[in-house]
Amino acid sequence: MAHKEFQIAGKKPGLQVWRLEKMDLKPVPSEAYGYFFTGDSYILLYTTKAPSYYIHMWLGSESSADEQGAAAIFATQMDEFLGGGPQQFREVQGYESNRFMGYFKNGVQYKKGGAASGFKHVKTNDVTAKRLLHLKGRRIIRATEVEMSWDSFNNNDCFIIDLGKDIYQWCGSKCNRYERLKSTTVAIGIRDNERSGRSDLHMVDEGDESDEIIQVLGPKPDIPDGSKDDEADRASKRTATLYMISDATGSMEATLVSEASPFKQADLLLTECYLLDNQADKKLFVWKGPSANAAERNAAMNAAQQYIKQKNYPMHTQIQILPGGGESTLFKQFFCDWKAKYDTTGPGEAYTIGSIAVVEQIPFDATALHNNQAMAAQHNMVDDGSGEVKIWRVEEGEKVAVEQSSYGQFFGGDCYLILYSYSLGGRRQHIIYIWQGLKCSQGELTASAFLTVTLDDEMGGTPVQVRVTQGQEPAHLVSLFKEKPMMLFLGGTSRKGGQSQPGSTRLFHIRRSTTGATRAVEVEPSAAFLNTNDVFVLKSEGSVFMWRGLGSTEEEEAAAKYVADYLGGSLKEVKEGGEPAAFWSALGGKKEYQTSKSLQNMVKPPRLFGCSNKTGRLIAEEVPGELTQMDLAPDDIMLLDTWDQIFLWIGKDANDVEKKGAPKIATDYVSSDPSGRGPIPVTTIKQGSEPPTFTGWFQAWDPKMGDNVMANFT
């Protein structure tokens with residue numbers, strides 16, 4: 001019989017928390033969410049709107065082995081009660097996963113004691129409180145209760161002196177503005193959640209302590225420096241090992257499948273369970289095949305914990321249990337060919353399986369761009385492309401104006417600068433696209449970077465900069481050429497006297513984007529490049545064919561006719577399935593090509609990283625949970641990954657080391673992705689000049705966010 005607490009589990013979206021008390025589950029009041037006693041174990045359930053479920057087993061540093069074992073049993077039972085579809089996580093105090101920490105944007109608090117000592121979670125309006133909290137971390141705030149003594153202080157961090165009616169936020173002389181702002185949210189949370197707004201908040205800088213603080217802590221000594229955060233550099237740590245785990249011999253054993261990622265999805269048999277060891281990043285993933293036997297599925301967490309002991313890994317190694325069909329993005333990144341079961345759901349539909357949640361896809365509507373920032377961000381469109389366009393070609397270290405009649409034509413042997421100007425909210429905005437052909441010279445690549453800086457300076461340093469590699473053009477750039485398709489030539493140049501003779505047989509792939517704009521991309525003339533979803537133009541000696549795939553659109557056909565006119569020759573329309581022999585002959589014979597319905601990738605949740613050298617070396621550290629504007633640190637460079645676009649956000653107080661090193665971090669980040677995404681556009685944005693394609697990823701963007709938060713203090 002299911003536990004009575006399971007009857008309320010997952011009934012509505014949001015977070016639910018239970019604490020283990022005398023080996024039983026007891027609900028934690030919602031006003032105490034984010035507070036954890038170090039002597040206890042907890043079960044957390046997060047339910048999305050889909051719904052889909054995430055179960056977390058949290059283990060305090062001083063919790064007993066019996067309680068930890070009971071927590072594992074309850075987590076497994078809850079998983080079964082919810083149909084075996086939830087993702088499960090094992091969390092250890094101080095080493096929690098990003099998903100876990102993302103539930104508590106105001107940070108978590110570790111309290112001394114536990115249920116066995118009679119400590120209760122909520123003591124509302126306790127004006128007799130007397131405690132000291134040490135706040136640590138920039139992306140992830142952890143507030144640990146420490147001894148109420150000057151010996152607990154250091155000048156690198158922030159502390160909260162909680163005296164019940166008065167809450168003092170003490171900031172060390174070497175803490176920065178962003179750390180001060182983040183710790184402010186913790187102090188506000190104590191006032192609003194624990195005191196129902198009845199406490200007064202006070203901001204105290206080191207050296208300006210009030211008589212009340214001196215009375216509690218005694219005479220103030222010299223405050224020492226604190227230790228720097230020991231954050232691991234995540235770059236180049238994405239290799240992993242894959243094992244099959246089985247009980248075929250009567251006990252759970254791990255058998256090596258592949259020594260290093262990337263793996264093949266075919267490596268995962270539906271009848272088995274697997275363990276993916278990403279120990280360099282201190283993470284283990286267990287994948288439960290949907291047809292694996294019940295004993296193996298239920299023993300998944302125990303198998304992972306036994307593996308940790310066998311390998312002598314730290315006990316705080318993170319464990320994530322994944323059901324087949326409910327794989328996380330972090331898990332799928334280790335596979336080079338991951339495709340979900342129902343990826344081919346047809347044009348315009350987002351992929352979903354069972355109750356696994358996806359980000360809602362928003363259909364593109366140019367008339368609503370300025371009123372719907374979420375749509376602008378998802379489609380990467382600041383407007384409908386009707387602004388002013390200027391294009392220059394990079395030539396011998398200079399920028400040479402391109403004739404307007406050639407706008408939209410880009411040659412693989414060239415580099416171009418495209419300046420786009422438009423109005424937003426009464427202000428003139430600018431974007432500089434740096435388009436780099438796959439066959440351009442190293443000198444042109446270098447010159448394009450220099451000329452971009454010069455143009456940016458000429459425009460007052462406000463333009464957004466978007467570096468684009470040929471073939472990875474964002475939707476907005478494609479939309480600038482109105483009814484004409486953007487034509488991308490495989491090689492050659494548009495420089496006078498520099499044109500190379502194109503081949504006698506040429507093939508152009510025409511595809512319409514979700515925003516309605518079309519691209520015509522020259523590809524190798526082979527039938528293997530055909531795709532049933534699109535239109536192709538084939539030029540051979542004496543003939544021009546327009547091949548229409550079964551899933552093609554009228555917009556793609558119109559663009560194909562434009563390409564055919566450019567190439568010249570008599571146009572012959574060909575429907576898929578009715579090709580003449582001359583068509584296949586020109587392509588070197590009939591070959592297998594993409595014939596499945598349109599592959600619509602689900603909109604993946606974006607990821608945010610802070611690029612900082614505050615620890616003495618430049619690192620990229622992921623920010624947990626749903627994106628909020630408060631996550632953008634003014635003294636850092638932030639990297640926002642929206643999967644088909646990378647944004648580099650430059651904070652006003654970022655230093656030169658961070659500014660210089662961030663582009664390399666972006667390049668390394670993409671190139672080291674085990675799934676092999678390849679080159680994608682990188683957009684550079686300065687704080688205060690954010691376009692809607694960036695701000696739309698954040699809920700309720702507020703240009704005066706910092707001032708509004710600090711207004712809480714007396």
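Five bridges join strand β13 to strand β14, and the two run antiparallel. Strands pair when DSSP finds at least two bridges between them. Strands themselves are DSSP runs of E with at least two residues, helices are runs of H or I with at least four, and both are numbered from the N terminus. This is a predicted model, where local features need pLDDT of at least 70, side-chain atom pairs count only at pLDDT 80 or more, and totals for chains, interfaces and linings use all residues. Residues are numbered from 1 along each chain as its sequence is written, and side-chain values use heavy atoms, with hydrogens and water left out.

## Strand β13 and its partners

Within the pairing of β13 and β14, Ile245 stands opposite Ala254 of β14. Strand β13 also pairs with β15, again through five bridges and again antiparallel. There, Thr241 faces Asp277 of β15. Why is β13 described as largely enclosed by the rest of the structure? Strand β13 covers residues 241-246, and five of its six residues are buried, so the rest of the structure largely encloses it. Buried means under 20% relative accessible area, exposed means over 50%, and partly exposed lies in between (1.4 Å probe, protein chains only). In a regular strand the side chains alternate between the two faces of the sheet.

The loop between β14 (253-258) and β15 (273-278) holds Pro262. The peptide bond from Ser261 to Pro262 is cis, with omega near 5 degrees.

## The chain as a whole

The chain has 15 helices and 34 strands. Of its 714 residues, 54% count as buried. Its exposed surface is about 31700 Å², and carbon and sulfur atoms supply 49% of that. Accessible areas come from the Shrake-Rupley method with a 1.4 Å probe; for residues, only the protein chains shown count as cover.

Contact means heavy atoms within 4.5 Å. Among contacts in the chain with a separation of 6 or more, 66% are between residues 24 or more positions apart.

## Nonpolar cores

A nonpolar core is a set of buried Ala, Val, Leu, Ile, Met, Phe, Trp, Tyr and Cys residues joined through side-chain atoms within 4.5 Å. In soluble globular proteins, nonpolar side chains tend to be buried together.

The largest core here has 67 residues. Ile391, Phe410, Ile418, Trp435 and Leu530 have the most contacts inside it. Helix α11 (residues 554-567) gives the largest share of this core, five residues. Another core, of 34 residues, lies apart from it and includes Leu59, Met78, Ile245 and Ala303.

What does Leu530 touch, leaving aside its neighbours within four places in sequence? Leu530 is in contact with Phe536, Trp547, Phe583, Trp584, Leu587, Tyr593 and Gln594.

## Two loop residues with positive phi

Asn312 and Glu396 each have a positive phi in a residue other than glycine. The table sets out their values.

| Residue | Phi | Loop | Relative accessible area |
|---|---|---|---|
| Asn312 | near 60 degrees | between α6 (300-311) and β17 (318-323) | 67%, exposed |
| Glu396 | near 55 degrees | between β18 (388-395) and β19 (398-401) | 79%, exposed |

## Two residues with distant partners

Glu388 lies in strand β18. Its relative accessible area is 39%, so Glu388 is partly exposed. Not counting residues up to four places away in sequence, Glu388 touches Leu419, Tyr420, Ser421 and Arg428. Ser423 is 35 residues from Glu388 along the chain, and their C-alpha atoms are separated by 9.9 Å.

Is Leu217 buried or exposed? Leu217 counts as buried because its relative accessibility is 12%. Leu217 lies in helix α4 (residues 211-217). Leaving aside neighbours within four places in sequence, Leu217 is in contact with Met148, Ser149, Trp150, Phe153 and Ile161. Leu217 and Asp151 are 66 residues apart in sequence, yet 9.8 Å apart in space, C-alpha to C-alpha.

## Cavities

Rolling a probe the size of a water molecule over the atoms shows where empty space is left. On a 1 Å grid over the protein atoms alone, a cavity is a set of points where a 1.4 Å probe fits but cannot get out, and lining residues have an atom within 4 Å of a point. Grid points are joined across faces, edges and corners, and a volume is the space filled by probe spheres set on the points.

The structure holds three cavities of 30 Å³ or more. The second largest cavity has about 60 Å³ of space. Its lining includes Met101, Phe104, Lys105, Arg139, Val623 and Asp631.

Terms used. On a 1 Å grid over the protein atoms alone, a cavity is a set of points where a 1.4 Å probe fits but cannot get out, and a pocket is an open set with protein on both sides within 12 Å along at least five of seven lines; lining residues have an atom within 4 Å of a point.
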